[in-house]
Amino acid sequence: MLPKVKRTKTPEQALAALMRMAARAERSSGDALRLMRNWGVEQSEQRKVLQKLIDSKFIDDSRYAQAFVRDKMRFSGWGAYKLRAALRAKGISAEIIEEVLEPISREVSAERLATQLRRKSRSIKYSSVYELKNKLTRYAASLGYDFETIADAVAQTVKEDDSCYDC
């Protein structure tokens with residue numbers, strides 16, 4: 001097997017490639033910079049290419065963050081802590097992150113978590129209420145919810161669980 005040769009791109013090639021990618025799916029400025037770094041584009045040229053993408057509206061971090069939050073909440077059931085960390089890792093600024101997460105109400109978040117926990121509780125094997133509560137709490141924490149929301153949702157889920165005889 002031949003060794004993998006790292007392909008480099010000129011700034012023009014990188015711009016064209018990123019335009020194609022951004023036309024198919026939302027990309028963040030952090031994604032674009034990471035890709036250009038991998039392609040061996042000079043750092044001074046990376047900023048110029050990124051600015052062209054932003055000016056021509058191929059990349060918009062605010063639009064990306066809104067789509068990311070909407071999808072991760074709807075399809076993966078993520079909470080605010082996990083969303084914030086993931087957006088930070090994508091290179092989104094703190095102002096944009098707070099702007100996107102601010103309208104998410106605590107009630108909607110709590111209801112999403114309760115739905116996730118009801119679904120999860122059907123597949124958990126446990127021998128005591130304590131064990132069930134611990135497993136649900138760890139699962140909810142892994143989704144990125146705050147402890148107060150987790151405690152309320154876990155208590156509600158355990159209370160509703162018909163198979164929980166020693167509650």
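**Close-up views of the predicted model**

Asp31 is buried, with a relative accessible area of 5%. The views below show a predicted model.

**View 1. Asp31, Arg34 and Lys90 are linked in a network of salt bridges.** Arg34 forms a salt bridge with Asp31, and their closest N and O atoms are 3.7 Å apart. Both residues of this pair, Arg34 and Asp31, belong to helix 2 and are separated by 3 residues, about one turn of the helix. An α-helix has 3.6 residues a turn, so residues three or four places apart point the same way. Lys90 also forms a salt bridge with Asp31, with the closest N and O atoms 3.5 Å apart. This second pair links distant parts of the chain, 59 residues apart: Lys90 is in the loop between helix 5 and helix 6 (94-101), and Asp31 is in helix 2. Asp31 is buried, whereas Arg34 is partly exposed at a relative accessible area of 39% and Lys90 is partly exposed at 27%. The structure holds 10 salt bridges.

**View 2. Helix 2 (residues 29-38) is mostly covered.** Of its 10 residues, 7 are buried: Ser29, Gly30, Asp31, Ala32, Leu33, Leu35 and Met36. The cover over the buried residues of helix 2 includes helix 1 (11-24), helix 3 (43-55) and helix 4 (61-76). Gly40, just after helix 2, has a positive phi of about 80 degrees.

**View 3. Lys57 is a residue other than glycine with a positive phi, here about 65 degrees.** Lys57 sits in the loop between helix 3 and helix 4. The residue is exposed, with a relative accessible area of 57%.

**View 4. The largest pocket encloses about 240 Å³ of space.** Its lining has 16 residues, and those closest to the pocket centre are Ala80, Ile104, Arg106, Ser109 and Asp146. Helix 5 (80-89) and helix 7 (106-121) are the elements that give two or more residues to this lining. Helix 5 supplies the largest share, 4 residues. By class, the lining of the largest pocket consists of 8 nonpolar, 5 polar and 3 charged residues.

**View 5. Asp146 and Arg106 meet through their side chains in a salt bridge.** The N to O distance is 3.1 Å. The pair links distant parts of the chain, with the two positions 40 residues apart: Asp146 is in the loop between helix 8 (129-142) and helix 9 (147-160), and Arg106 is in helix 7. Asp146 is partly exposed, with a relative accessible area of 22%. Arg106 is likewise partly exposed, at 37%. Both residues are among those closest to the centre of the largest pocket.

**View 6. The second largest pocket holds about 150 Å³ of space.** Its lining is made of Gln66, Val69, Arg70, Met73, Arg74, Val100, Pro103, Ile104, Val108 and Arg112. Helix 4 and helix 7 are the elements that give two or more residues to this lining. The largest share, 5 residues, comes from helix 4. By class, the lining of the second largest pocket has 6 nonpolar, 1 polar and 3 charged residues. Ile104 lines this pocket and is also one of the residues closest to the centre of the largest pocket.

Note on methods:
Residues numbered from 1 in each chain as written. Predicted model: local features only at pLDDT ≥ 70, side-chain atom pairs only at ≥ 80, totals over all residues. Heavy atoms only, no water. Buried < 20%, exposed > 50% of the residue type's maximum accessible area, 1.4 Å probe, protein only. Contact = heavy atoms within 4.5 Å. 1 Å grid on protein atoms, 1.4 Å probe; cavity = no way out; pocket = protein on both sides within 12 Å on 5 of 7 lines; lining within 4 Å. Points joined across faces, edges and corners; volume = space filled by probe spheres on them. Nonpolar A, V, L, I, M, F, W, Y, C, P; charged D, E, K, R; others polar. Salt bridge = Lys/Arg side-chain N within 4 Å of Asp/Glu carboxyl O.
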